[in-house]
Amino acid sequence: MSETDFSESIKKLAGPLLESLGLELWGLEVGISGRSLVRIYVESPTGATIDDCSEASRVIGLALDVEDIMTGPYVLEVSTPGLTRLYFKPEQLAKAVGERVEAHFTHPRPEYPGRRKFAGQLQKAAGDSFVLLPEDGPEPGAEPLPLSFAWADLKKVRLSPFFESEAPQKPGKSKDKDKPGAGGKKKKDSREDDEARSGVDHSEADESEI
């Protein structure tokens, strides 16, 4: 079974099960070399929790074993998409207009010879067509050139917001207030807890736990 067929089989199985739990299937990643990895991303209108992910992992794990889709040991992970979420459909990406994203194209872009990876602002979305303004130009000191592309041109794309520690510093502002001992508390990076996740290793030795 190809990786694509494998993914589609899991989607057909997991989709209805997630709906019964009040969850939505955001996306799926699989790896079938060696020990298989199944990573499922879920969302909920009210916000999915770690308990939601744990229950979804338990239900989907049982169904995968019953349907005999997995032919050997595998690892199942269920999590929310998180702040640096991957996009799996063009309609998902369309909601990120105005946001900073990281895009990895299947082929080098002619506007930037030899280059496939870009970070910048998603400026427009129309159906399967998009426009990205990279943060840098094709040459040092050059102005950025807008990239018009289709969803099919992408290998992978994710949301990539500026975090407080990474955002450009405004003139006249000092970072000292965020340093311990400088009159303020050091703020926790929101990436540390931006997603709920549950993972289970379904090897033969662990089947009693399912």
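Where is the place of Arg85? Arg85 sits in the loop between β3 (74–79) and α3 (90–94). The legends below start there and refer to a predicted model.

**View 1. Arg85 and its surroundings in the β3–α3 loop.** The loop that holds Arg85 runs between β3 (74–79) and α3 (90–94). A polar atom of the Arg85 side chain lies 3.1 Å from the backbone oxygen of Gly82. Leaving aside residues up to four places away in sequence, Arg85 touches Trp26, Glu43, Val157, Arg158 and Leu159.

**View 2. Packing of helix α1 on helix α2.** Helix α1 covers residues 3–20 and helix α2 residues 50–67. Their axes are 10 Å apart, and the helices pack at an angle of about 135°. The two are therefore oblique to each other. Their crossing is right-handed.

**View 3. Residues in the contact of α1 with α2.** From α1 come Ile10, Leu13, Ala14, Leu17 and Leu18. From α2 come Ala56, Val59, Ile60, Ala63, Leu64 and Glu67. By class, 10 of the contact residues are nonpolar, none is polar and 1 is charged.

**View 4. Confidence along the chain, with stretches of pLDDT below 50.** The protein chain has a mean pLDDT of 83. In 78% of its residues the value reaches 70 or more. Residues 168–193 have pLDDT below 50. Beyond near neighbours in sequence, this stretch has 22 contacts in the model. Residues 204–210 also have pLDDT below 50. Here the model has 5 contacts beyond near neighbours in sequence. Predicted coordinates should not be read in detail where pLDDT is low.

Note on methods:
Residues are numbered from 1 along each chain as its sequence is written. This is a predicted model: local features need pLDDT of at least 70, side-chain atom pairs count only at pLDDT 80 or more; totals for chains, interfaces and linings use all residues. Side-chain values use heavy atoms; hydrogens and water are left out. Axes are lines fitted to C-alpha atoms, for helices over the stretch in contact, and angles run from 0 to 180 degrees between N-to-C directions. Helices (H or I, at least four residues) and strands (E, at least two) are DSSP runs, numbered from the N terminus. Angles under 35 degrees count as roughly parallel, over 145 as roughly antiparallel, 65 to 115 as roughly perpendicular and the rest as oblique. A crossing is left-handed if the near helix is turned anticlockwise from the far one by less than a right angle, and right-handed if clockwise. Contact means heavy atoms within 4.5 Å. Ala, Val, Leu, Ile, Met, Phe, Trp, Tyr, Cys and Pro count as nonpolar, Asp, Glu, Lys and Arg as charged, and the others, Gly among them, as polar. pLDDT is the predictor's confidence in each residue, from 0 to 100. A polar contact is a pair of N or O atoms within 3.5 Å; within protein, one must be able to donate a hydrogen and the other to accept it, and residues adjacent in sequence count only if both atoms are side-chain atoms.
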